[in-house]
Amino acid sequence: MALRIYADTSVIGGCFDDEFREESNRFFQLVDQGQVILLLSDLVVAELQHAPANVRSVIGSLPSNTLL
């Protein structure tokens, strides 16, 4: 059974931050592989609407069955 993990926008944006890039990208690899199901709150979804395109693309590139 896949773990269900809540992530806020800092984890998503971390994919493009020198300090957190490695950890954030590894996390999203686990999501992409189906080992983790990503939980996003309505607030995070709203914040992502105003985020740069590269940050929005992180979520957009994930399989829909890995998001709740």
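Ser24 touches Val11, Gly14 and Cys15, not counting residues up to four places away in sequence; contact here means heavy atoms within 4.5 Å. Ser24 is found in helix 2 and is buried, with a relative accessible area of 7%. Throughout, buried stands for under 20% relative accessible area, exposed for over 50%, and partly exposed for what lies in between, with a 1.4 Å probe and protein chains only. Helices (H or I, at least four residues) and strands (E, at least two) are DSSP runs, numbered from the N terminus.

The model is a predicted one, in which local features need pLDDT of at least 70 and side-chain atom pairs count only at pLDDT 80 or more, while totals for chains, interfaces and linings use all residues. Residues are numbered from 1 along each chain as its sequence is written, and side-chain values use heavy atoms, with hydrogens and water left out.

Helix 2 is a good place to begin the wider picture. Its twelve residues, 21–32, reach 16 Å from the first C-alpha to the last, close to the 16 Å expected at 1.5 Å a residue; the expected span is 1.5 Å times one less than the number of residues. Ser24 shares its buried state with Phe27, Phe28, Leu30 and Val31 of helix 2. These residues cover an arc of only 150° around the axis, which puts them on the same side of helix 2. The arc is that of the directions from the helix axis to the C-beta atoms. An α-helix has 3.6 residues a turn, so residues three or four places apart point the same way. The cover over the buried residues of helix 2 includes strand 1 (3–6), helix 1 (9–13), strand 2 (36–39) and helix 4.

Arg26 also lies in helix 2, but at 42% relative accessibility it counts as partly exposed. Between Arg26 and Cys15 there are 9.0 Å in space, C-alpha to C-alpha, and eleven residues in sequence. Beyond the end of helix 2 comes Gly34, whose phi is positive, near 85°.

Ahead of helix 2, Asp18 occupies the loop between helix 1 and helix 2. Asp18 is exposed, with a relative accessible area of 69%. The side chains of Asp18 and Arg21 are joined by a polar contact of 3.0 Å. Such a contact is a pair of N or O atoms within 3.5 Å; within protein, one must be able to donate a hydrogen and the other to accept it, and residues adjacent in sequence count only if both atoms are side-chain atoms. Asp18 and Leu48 are 20 Å apart, C-alpha to C-alpha, with a separation of 30 residues in sequence.

Attention now turns to the interior. The largest nonpolar core has 17 residues, and those with the most contacts inside it are Ile12, Phe27, Phe28, Val31, Leu38, Leu48 and Ile59. Helix 2, strand 2, helix 3 (42–49) and helix 4 are the elements that give two or more residues to this core, and the largest share, four residues, comes from helix 2. A nonpolar core is a set of buried Ala, Val, Leu, Ile, Met, Phe, Trp, Tyr and Cys residues joined through side-chain atoms within 4.5 Å.

The structure holds one aromatic pair. Phe27 and Phe28 form this edge-to-face pair, with 5.1 Å centre to centre and 80° between the planes. Rings of Phe, Tyr and Trp (its six-membered ring) pair if their centres lie within 6.5 Å; planes under 30 degrees apart count as stacked, over 60 as edge-to-face and the rest as tilted. Both Phe27 and Phe28 are buried.

In helix 4, the buried residues are Val55, Val58 and Ile59. Seen down the axis of helix 4, they fall within an arc of 90°, so they line one face of the helix. Helix 1, helix 2, strand 2 and helix 3 are among the elements that cover them. Leaving out residues up to four places away in sequence, Ile59 touches Ile12, Phe28, Leu38, Leu40, Leu48 and Leu67. Asn54, also in helix 4, counts as partly exposed at 35% relative accessibility.

Thr66 sits in the segment after helix 4 (53–60). Thr66 is buried, with a relative accessible area of 4%. A polar atom of the Thr66 side chain lies 2.6 Å from the backbone oxygen of Pro63. Setting aside neighbours within four places in sequence, Thr66 is in contact with Val31, Gly34, Val36, Ile37 and Leu38.
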